[in-house]
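Subject: Structure handover

Hello,

Here is the structure I said I would pass on. My notes on what was found in it follow below.

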Amino acid sequence: MRIAVLASEGAPYCKSGGLGDVMEALPAALSRIDGNEVVLILPYYKKIKENPAYEVEQVAQFDVDLGWRRQYAGVLKLKNRKDNVQVYFIDSLYYFGGRDGAIYGHLDDGERFAFFSKACLIGLAVMNFIPDVIQCNDWQTAPVPVLLKAQFGACFGNTRCMFTIHNIEYQGWASADFFDDVLALPEEYRLRLDMSGAVNVMKGAIEACDMVTTVSESYAKELMYPYYAHGLDSVIAGNCGKLTGITNGIDTGTFNPETDPALPAHYNAQSIAVGKAACKAALQKEVGLPVREDVPVLVMVTRLAGHKGLDLLCHIGYRLMQEDCQLVILGTGEAHYENFFRELARKFPKKAAAKITFDLGLASRIYAGGDIYLMPSKSEPCGLSQMNAMRYGTVPVVHATGGLRDTVPPCDKEGKGGLGFTFQSYNADDFYGALQNALRLYHNDPDAFRALQVTDMQQDFSWNVPAGRYMELFRKMLGH
Ligand code: GLC
């Protein structure tokens, strides 16, 4: 099957969050399935352009019309990718290559990604790579299914389009004039993209695509409710016949405590006792906490954003400092959370460490050196770091929502029957209760705690199963 995957980020080239990780692993997993030809198209951001590791050659160039604008686009082929995925970058000095700063957050993001979406389709047509399936992701590529129907039918008449929602919170809202000024679509599409008198490109994608997926089964159900759907619940409900949840995997090649080059010691489920203890001691030393084997190390690697449940952790932060435990947090984000954790670490230097930075190596050492992983997210479409943590033998404590509910079945107080500790309703006391169950097991029954760690390490979180499920849906869309 010929598959084109379109996204605004993909590791290792460019990544701001989980989407980047998925775009590293999913295309690769699809390319390993019977003879699939997979291409991945990403924007050519300045950061990629300036990285000498990525050798490219130009294979196409053309102009892209967006309303009254006409902008140059180049297609650059990555020359030195090691697997079977062919990576292309859309080159535009104006929208990507000449911009400083982050991937997102520019005033004209809507226009930038409308350009990208259209350039991907023109690029595929110019290169004569006519895919059976286009898989596009989140609001940045949400114009794709609409453009396919409205303007590219002649070329892609047999191509089917899947739109995947990684997070419904970001929908690509724009003022009403964006429809004429930038998208310049036929009149009949105006209402399909309209929401409350404004343009919502994600709504357009949900309506226009052949299938919608999201990144866990529970999140697919949650999207029917206003609490989770950020205004799109009725649009989702109206299209629920074409919605499926497929829980993400993780890149088990990269996230492997036996080989991870960032770790001071390596281990697997059999050698966890020695290897993890060495990683724990090294982590305590690295972040400046007392090196003690008998104290539980609670860890969190996260964007410091509201929906990650940080308000719950802030609420119980001082209570937690009365317990015999250590807390290590890594991440950047909203200033009030950054300040809270800096302050906590300053007041309790023997108990809390806050690393307000982005550091992939330290992230690995935290997954390996921790005992208990905290992920109290208010909502979580899938979440990847709870799986990374389990792969490194760190027991998760999570809010039972979205992908956290699907990947962390709850265990009882003896640590049996599940993979971690969960709480049902989003409040700080319930979170604290679940965390205390984990701490009790750690202190009172070390053998049971170790058995739980080993069970967590033995789970298959690879992309093999989810990639197979994507293939099933691709075949269904194509009527095979
Ligand atoms: C988004 C979601 C996260 C998910 C990731 C990859 O970042 O917030 O839950 O794991 O996308 O699908």
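Helices here are DSSP runs of H or I with at least four residues, numbered from the N terminus. By that count V146 lies in helix α5. Please keep in mind that the model is predicted.

I begin with V146 and its surroundings. Is V146 buried or exposed? V146 is buried, because its relative accessible area is 3% and the cut-off for buried is under 20%. Leaving aside residues up to four places away in sequence, V146 touches L185, Y189, L193, G204, A205 and A208. L183 can be placed relative to V146 as well: the two are 37 residues apart in sequence, and their C-alpha atoms are 10.0 Å apart in space.

Three of the names in that list of contacts, G204, A205 and A208, also appear among the buried residues of α9. Helix α9 covers residues 201–208 and is mostly covered, with seven of its eight residues buried. Besides those already named, the buried residues of α9 include V201, M202, K203 and I206. At the start of α9, the backbone nitrogen of M202 has a side-chain oxygen of N200 within 3.1 Å.

Next, how α5 and α9 sit against each other. Their axes are 7 Å apart and the packing angle is about 55 degrees. The two helices are therefore oblique to each other, since an angle of 35 to 65 degrees falls outside the roughly parallel and roughly perpendicular ranges. The crossing of α5 past α9 is left-handed. On the α5 side the contact is made by P143, P145, V146 and K149, and on the α9 side by V201, G204, A205 and A208. By type, the residues of this contact are six nonpolar, one polar and one charged.

A second helix pair is α13, residues 272–287, and α16, residues 360–369. What is the angle at which α13 and α16 pack? The angle is about 125 degrees, with the axes 8 Å apart. That value makes α13 oblique to α16. Here too the crossing, of α13 past α16, is left-handed. From α13, the residues K276, C279, K280, L283 and E286 take part, and they meet L362, R365, I366, Y367, A368 and G369 of α16. The residues of this contact divide into six nonpolar, one polar and four charged.

The remaining notes concern the backbone. Most residues other than glycine have a negative phi, and most peptide bonds are trans. Three places in this model depart from that.

- The peptide bond between A11 and P12 is cis, with omega about 5 degrees. P12 belongs to the loop between β1 (2–6) and α1 (18–31).
- N128 is not a glycine, yet its phi is positive, about 60 degrees. N128 is in the loop between α4 (109–126) and β6 (133–137). N128 counts as exposed because its relative accessibility is 55%.
- D138 also has a positive phi, near 60 degrees, in a residue other than glycine. The loop that holds D138 runs between β6 and α5 (143–150). Which is D138, buried or exposed? At 9% relative accessibility, D138 counts as buried.

Regards

Methods:
Residues numbered from 1 in each chain as written. Predicted model: local features only at pLDDT ≥ 70, side-chain atom pairs only at ≥ 80, totals over all residues. Heavy atoms only, no water. Buried < 20%, exposed > 50% of the residue type's maximum accessible area, 1.4 Å probe, protein only. Axes fitted to C-alpha atoms, helices over the stretch in contact; angles between N-to-C directions. Parallel < 35°, antiparallel > 145°, perpendicular 65-115°, else oblique. Left-handed = near helix turned anticlockwise from the far one by under 90°. Contact = heavy atoms within 4.5 Å. Nonpolar A, V, L, I, M, F, W, Y, C, P; charged D, E, K, R; others polar. Polar contact = N/O pair within 3.5 Å; in protein donor to acceptor, adjacent residues only side chain to side chain.
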